[in-house]
Amino acid sequence: MTKASEVRQVSEPVRANRPLFGVEISVVAERELVAELLAPIPRGSGARLVATMNLDHVVNLRINPAFRDAYRSAWRVTIDGAPVFAYARLAGVRVPERVPGADLFATLVPMFRPGVHRLFFVVSSPDVVAAMTELLCRQGFARDELAFDIPPFGFQNDAAASASLAARIKAFNATYLVLAVGAPKSEIWTCRHAADIGDVNVLCIGAAVEFVTGLKRRAPRWMRRAGLEWLWRVGSEPKRLFKRYFVDSFGFARAIAADRRSRGQSVT
């Protein structure tokens, strides 16, 4: 985890490496990305989406054009999942390290500063609202520096609900928008409404809010380092995640085959 003392301003723009699965991957370490996210947002930057590519995202990128558009519009794209990182190395896409969304958010939270940052959360339940509010208020945040929304099911396809949410985010003058309602809806919603939410860093981080607040227990560090966090998550939420990891994940092999063909490489 990055310490506050290690965070530095990045003076040079982050370079983009060769595309992976049709998306430009940002060549950036966690501490560099944290430094960028903590620096003041240049006026007129608009919504700066950070996408963290994992195996499930790769599968969806292949079959979901709106998700591909969202990824291609992202400000930074990191590699989250261990299988994706391993394939990136095999394909010659050199990045310094994995930057999982859960790790990035856990690093950022203690660095958020009252009076400087304004945080808008889109989450799934009142329990998340209460736990996140308690955590940040202990850091000194006033309640009017925090905003939360629990959108109705299918909000991303509801024009009126989406317009209302975007207007509230912009009116709040958020410096960070945290979307914790799952992929691909979070990324697609951001892409579609980027022009309506102001200059804001957008973090689509799924269960990371629940990990940080202790509402869900994250995999032990050794499992994360070994690339086995997915196994822990399936064991924790088998009904919700079994299909994702044991059925849908076969699409990852097809995505690799398609990516290798696009590079003119043998798929055998």
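## Helix H8 over the sheet

Helix H8 spans residues 185-193 and lies across S3, S7 and S8. Its direction makes an angle of about 155° with S8. Strand S7 covers 176-179. The model is a predicted one.

## The sheet beneath

S3, S7 and S8 belong to an open sheet of 6 strands. The strand order is S4-S3-S8-S7-S5-S6. Pairing is parallel. Strand S4 (76-79) and strand S6 (146-149) form the edges. Each has a single partner strand, so one side of each lacks a neighbour in the sheet. From one strand to the next, the twist averages 15°.

## The S3-S8 pair

Two of the strands under H8 are S3 and S8. Strand S3 takes in residues 47-53, and strand S8 takes in residues 200-204. They run parallel to one another and are joined over 4 bridges. One residue pair can be named: Ala 47 has Val 200 in S8 as its bridge partner.

## Ala 147 on the edge strand

Ala 147 sits in strand S6, an edge strand of the sheet. Is this residue buried or exposed? Ala 147 has a relative accessibility of 14%, and buried means under 20%, so Ala 147 counts as buried.

Which residues does Ala 147 touch, leaving aside those up to four places away in sequence? They are Leu 119, Phe 120, Phe 121 and Phe 172. Val 129 is a further reference point for Ala 147. The two are 18 residues apart in sequence. Their C-alpha atoms are 9.1 Å apart in space.

Notes
Residues numbered from 1 in each chain as written. Predicted model: local features only at pLDDT ≥ 70, side-chain atom pairs only at ≥ 80, totals over all residues. Heavy atoms only, no water. Pairing = 2+ DSSP bridges. Axes fitted to C-alpha atoms, helices over the stretch in contact; angles between N-to-C directions. Contact = heavy atoms within 4.5 Å. Buried < 20%, exposed > 50% of the residue type's maximum accessible area, 1.4 Å probe, protein only.
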